[in-house]
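Here are my notes on this model, as numbered points. Please read them with the structure open.

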Amino acid sequence: MTTAEPPPNEDSPAEPPAEPDREERQQAAPDEPAAGHADEDFDEGALGQTATVINNFFAEVQARNATFGMAGTRTARSTSRRLDEKEIEHALRHFVRPPGFDRAVTTLRERRVVVLAGNEGIGKWTSGTALLDRVRLPADTVVVLSPRRDLEDLLSTSFKKNRVYFIHGWTDDKAEKGLRRFTFDTLSANLTRAEAYLVITLNRAEARFEPEAFEIAWEPPDSLKLLEAHIGMDHPALSEDRVREHVAGLRSPQRVVELAEQLAGGARHAGEILADLDGSTVVQWFDGEPKRSEVLAVAALAFAYGVPERVFERLLVRLTSVADEIERQGAERETRPIGEDLPQSRKLWNSRHSLIGVSAEAGEPRVVFCGPRHREHVITQLCLRYGYNVWEPLREWIRGLAGELPEVQVQVAAGLALLARTRPEEVGESFLRPWAGGLVQERLTAASTLSMMCVDDVTAAIAFGTALSWVENAGQPQAMTAALAFAGGLSIRYPGEAVDWLWYLSLRGIRVSNVAQRALTLLFQTAAERDGEALTGLRLLAKHLERDLAEGMPPQLARRALGAVLGVLESDRLESESPLMTWLLLSQPSSAEPIGVLWAWTLHNAHHRAEAVRALCRTLQALEGRDGAVAAAESLGRVIWAILPGGVSVLVRRAIDRACSETYARWDPPVAKEIVLALLDAGTRRSHQ
């Protein structure tokens with residue numbers, strides 16, 4: 001090994017890194033498609049992540065109640081990804097064809113594109129998956145595109161042969177009727193030439209096109225047939241008239257599936273399950289005109305669900321005090337003598353209350369609702385029945401909970417996400433807007449609320465629009481809140497857009513940039529942990545970096561851009577103190593391409609070179625003793641040396657050689673010589689040409 005010369009002092013090199021030729025890029029990952037071919041599908045891919053609960057709360061949370069009182073098993077799905085065979089089979093295992101399905105199949109086969117228009121929650125996702133499954137070949141790839149693509153973007157998309165595309169919950173529904181028809185004719189022609197198919201779903205009650213055109217008014221499948229498909233025709237519940245009447249009136253396949261799952265579990269009687277699902281238990285309780293103290297207790301639980309009993313009592317006392325103070329406004333302040341009698345407050349939820357109970361599954365007693373759907377039904381009834389005297393205390397009390405324990409903040413976010421399904425303006429004006437520009441804990445709670453809203457298709461779009469409204473011309477605190485939100489649930493729903501906006505925010509002023517850089521790192525850490533699907537995000541980040549630096553950036557902005565990239569390159573996995581890049585290089589060999597691009601640019605910049613070298617050596621050190629270590633180092637080296645110019649390459653090689661052979665941190669031994677040589681020698685062919 002050689003001794004490295006000190007790096008030059010320039011902030012940015014005189015010449016940009018050289019573009020590697022196609023042969024060199026192909027050698028960077030011999031077991032994967034060449035970069036050129038991978039990039040062809042770049043816009044189609046996504047961080048295919050799902051999560052039952054969005055759990056990026058930026059703080060330690062005691063969250064034993066995993067669903068946070070939100071019933072059902074819906075996941076937050078990425079709006080742009082690829083559907084694998086298992087997911088398609090799972091979606092269609094009990095599929096019942098809804099009215100119009102055969103016509104939709106015919107339209108899709110003849111015109112290559114069909115639009116399913118109907119209310120949210122009537123099974124359009126499953127129906128769209130079934131349609132694509134009918135026209136695709138066994139080896140075809142099903143690609144889910146972002147719903148934020150507009151018609152102009154779709155017309156410019158290079159559709160691939162034998163691909164089937166899916167856009168769920170499309171948001172571009174504003175074009176004039178005649179223009180839409182003309183545009184869809186053109187889109188149909190493009191898809192026909194590519195031998196591809198496209199299914200689009202819209203959350204709108206009525207179709208706008210003529211029946212023979214592209215758009216079909218969609219209806220849910222027959223509810224009784226769907227229930228029979230799930231539990232079998234011989235299940236005892238199907239013989240009960242009440243069950244059949246209830247199911248026949250349902251227009252939500254999700255509710256039918258939820259009923260089927262609970263009936264199959266056999267833990268509760270059918271009547272009890274129905275009362276919970278349709279909200280009749282909650283409605284009957286409110287019909288009984290409960291006392292003020294009882295209403296406040298139920299309202300408090302809706303936004304502080306599942307917290308320890310001692311914490312809930314303290315929060316309930318605070319809500320009661322706020323309500324008392326508001327009632328006294330405009331009148332002389334009354335003083336109440338301290339009486340000898342003490343209210344038996346715990347009796348409310350320890351005496352078989354119809355709505356509230358106590359769970360001690362995890363040790364310490366926690367206050368919960370008795371039914372899985374009680375929480376959302378309570379919020380609905382509070383909105384329908386009560387006004388200022390209940391909601392004004394709740395607003396003031398909820399705003400104050402942003403400064404509470406992290407576990408309470410999470411529950412507040414979950415409650416507001418449920419409220420946003422019916423009152424999105426209330427959530428935005430009363431809570432999100434003031435929190436976004438507030439203190440740190442308030443901004444964290446606002447970001448968590450947007451994350452929780454991403455579980456629902458409709459509120460996810462609202463959450464994304466809200467975050468965008470904070471990005472520009474809204475103040476630095478709001479921009480920092482947006483950055484936190486893009487690292488949470490929005491990074492699951494809108495993975496590509498989240499990378500785009502965090503990259504943009506990382507180039508803003510220093511305060512916003514610092515938060516955005518940390519959020520960008522967290523995005524990749526959580527993407528890797530959920531499904532190991534950070535690859536597309538890395539490719540997108542590499543494209544941003546190459547484009548912006550190649551076009552020329554002021555040194556200050558270049559430092560911020562490369563600082564954001566270095567934060568990702570030197571990060572650890574969430575669950576261990578091991579380099580994230582090491583894990584990605586070994587688990588996803590094709591990641592060597594974008595990771596190599598990112599490292600080449602950081603090594604190219606003299607200001608960040610020393611830090612980039614240290615991070616690279618640590619990554620190489622973690623490869624030692626792992627299967628595929630030498631191959632990973634070679635793949636990474638080929639990409640790096642193919643990009644760096646010759647003069648800079650010499651300096652970087654020497655710096656890596658010296659740093660990896662020395663103990664650059666007291667607790668780290670030198671990197672194994674075999675791995676270092678694999679990296680350094682990977683570019684030998686090019687250097688001798």
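1. Surface first. The chain exposes about 30100 Å². Carbon and sulfur atoms supply 49% of that area. Keep in mind that this is a predicted model.

2. Overall make-up. The chain holds 34 helices and 10 strands. Of its 689 residues, 55% are buried. Sequence-distant pairs carry much of the contact list: among contacts with a separation of 6 or more, 76% join residues 24 or more positions apart.

3. Helix H29. This element covers residues 592–604. It has 13 residues. From first C-alpha to last, H29 reaches 17 Å, close to the 18 Å expected at 1.5 Å a residue. How many of the residues of H29 are buried? The count is 13 of 13, and H29 is mostly covered.

4. H29 against H30. Helix H30 spans residues 606–623. The axes of H29 and H30 lie 6 Å apart, and the packing angle is about 135°. An angle that is neither under 35, over 145, nor from 65 to 115 degrees counts as oblique, so H29 is oblique to H30.

5. What fills that contact. H29 contributes Trp599, Thr602, Leu603 and His604. From H30 come Ala606, His608, Arg609, Ala612, Val613, Ala615, Leu616 and Thr619. By class, the residues of this contact split into 7 nonpolar, 4 polar and 1 charged.

6. Arg638 and H29. Which residue lies 9.1 Å from Arg638, C-alpha to C-alpha, yet 46 residues away in sequence? The partner is Ala592. Ala592 falls within the range of H29, residues 592–604. Arg638 itself sits in helix H31, residues 629–643. Its relative accessible area is 19%. The limit for buried is under 20%, so Arg638 counts as buried.

7. Arg654. This arginine belongs to helix H32, residues 646–661. Is Arg654 buried or partly exposed? Its relative accessibility is 26%, so Arg654 counts as partly exposed. Along the chain, Arg654 and Leu680 are 26 residues apart. Their C-alpha atoms are separated by 9.4 Å.

8. Thr129. Helix H5, residues 124–135, contains Thr129. The relative accessible area of Thr129 is 4%, and the residue is buried. What does Thr129 touch, leaving aside its neighbours within four places in sequence? The contacts are Leu83, Ile88, Ala91, Leu92 and Phe166.

9. Arg112, backbone. Arg112 has a positive phi of about 75°. It is not a glycine. The residue occupies the loop between helix H4 (101–111) and strand E4 (113–118). Arg112 is buried, at 16% relative accessible area.

10. Asn473, backbone. Here is another positive phi, about 55°, again on a residue that is not a glycine. Asn473 lies in the loop between helix H21 (457–469) and helix H22 (476–486). Is Asn473 buried or exposed? It is exposed, with 84% relative accessible area.

11. The two loops side by side. Arg112 is buried, whereas Asn473 is exposed. Arg112 sits between a helix and a strand. Asn473 sits between two helices. Both phi values are positive, about 75° for Arg112 and about 55° for Asn473.

How values were computed:
Residues are numbered from 1 along each chain as its sequence is written. This is a predicted model: local features need pLDDT of at least 70, side-chain atom pairs count only at pLDDT 80 or more; totals for chains, interfaces and linings use all residues. Side-chain values use heavy atoms; hydrogens and water are left out. Axes are lines fitted to C-alpha atoms, for helices over the stretch in contact, and angles run from 0 to 180 degrees between N-to-C directions. Helices (H or I, at least four residues) and strands (E, at least two) are DSSP runs, numbered from the N terminus. Contact means heavy atoms within 4.5 Å. Ala, Val, Leu, Ile, Met, Phe, Trp, Tyr, Cys and Pro count as nonpolar, Asp, Glu, Lys and Arg as charged, and the others, Gly among them, as polar. The expected span of a helix is 1.5 Å times one less than its number of residues. Buried means under 20% relative accessible area, exposed over 50%, partly exposed in between (1.4 Å probe, protein chains only). Accessible areas come from the Shrake-Rupley method with a 1.4 Å probe; for residues, only the protein chains shown count as cover.
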